[in-house]
Amino acid sequence: MSYLQLRGIEKSFGEQRVIKGIDLEIRQGEFVVFVGPSGCGKSTLLRLIAGLEVATAGRIMLEGRDITDQPSSKRDLAMVFQSYAL
């Protein structure tokens, strides 16, 4: 069973579609890294998973529970920001 599952996740800011239908399945104990050029949506995707942004479409499942509409404080997960400028 998946620990974290994304189904058809999309995010738009006005007319600008920035996340275009992400499907992802992560199993318990797996280590996943998102890499890509600046502006490709890595941070936006992490913010969607953490509940800091609201998905335009799709579902986010954590251990079989739908957490798509739950606030970040109720999701039982977190993210850490890294900045080389600090």
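**Note on the predicted model**

1. The chain has 86 residues, for which a compact globule would have a radius of gyration near 12 Å; the value here is 13 Å, which agrees. This is a predicted model, and the remarks below should be read with that in mind. Along its principal axes, the C-alpha trace spans about 35 × 30 × 25 Å.

2. Secondary structure consists of one helix and four strands. Read from the N terminus, the order is β-β-α-β-β. Strand S1 covers residues 2–13, strand S2 covers 16–27 and strand S3 covers 57–62. Helix H1 takes in residues 42–50.

3. On burial and surface: 24% of the 86 residues count as buried. The accessible surface comes to about 6100 Å², and carbon and sulfur atoms account for 52% of that area.

4. On contacts along the chain: taking pairs of residues at least 6 apart in sequence, 49% of the contacts join residues at least 24 apart.

5. Helix H1 has the buried residues Thr44, Leu45, Leu48, Ile49 and Ala50. An α-helix has 3.6 residues a turn, so residues three or four places apart point the same way. The cover over the buried residues of H1 includes S1, S2 and S3. Just after the helix, Gly51 takes a positive phi of about 90°.

6. Lys11 deserves a separate look. This lysine lies in strand S1. Is Lys11 buried or exposed? Its relative accessibility is 8%, and because the cut-off for burial is under 20%, Lys11 counts as buried.

7. What does the side chain of Lys11 reach at 2.8 Å? The partner is the backbone oxygen of Val54. The charged end of Lys11 also sits over the ring of Phe13, 4.9 Å from the ring centre. Phe13, like Lys11, falls within the residue range of S1, 2–13.

8. Leaving aside residues up to four places away in sequence, Lys11 touches Gln16, Arg17, Val18, Ile19, Thr44, Leu48, Glu53, Val54 and Thr56. Two of these neighbours, Thr44 and Leu48, are among the buried residues of H1. Gln16, Arg17, Val18 and Ile19 fall in the range of strand S2, 16–27. Val54, whose backbone oxygen is reached by the lysine side chain, is also on the contact list.

9. On aromatic rings: how many aromatic pairs does the structure hold? The count is zero. The ring of Phe13 instead appears in this note under the charged end of Lys11.

Key
Residues numbered from 1 in each chain as written. Predicted model: local features only at pLDDT ≥ 70, side-chain atom pairs only at ≥ 80, totals over all residues. Heavy atoms only, no water. Phe/Tyr/Trp six-rings, centres within 6.5 Å; stacked < 30°, edge-to-face > 60°. Lys NZ or Arg CZ within 6 Å of the ring centre and 35° of its normal. Helix = DSSP H or I, 4+ residues; strand = E, 2+ residues; numbered from the N terminus. Rg over C-alpha atoms; globule rule 2.2 N^0.38 Å. Buried < 20%, exposed > 50% of the residue type's maximum accessible area, 1.4 Å probe, protein only. Contact = heavy atoms within 4.5 Å. Areas by Shrake-Rupley, 256 points an atom, 1.4 Å probe, with all protein chains shown as cover. Polar contact = N/O pair within 3.5 Å; in protein donor to acceptor, adjacent residues only side chain to side chain.
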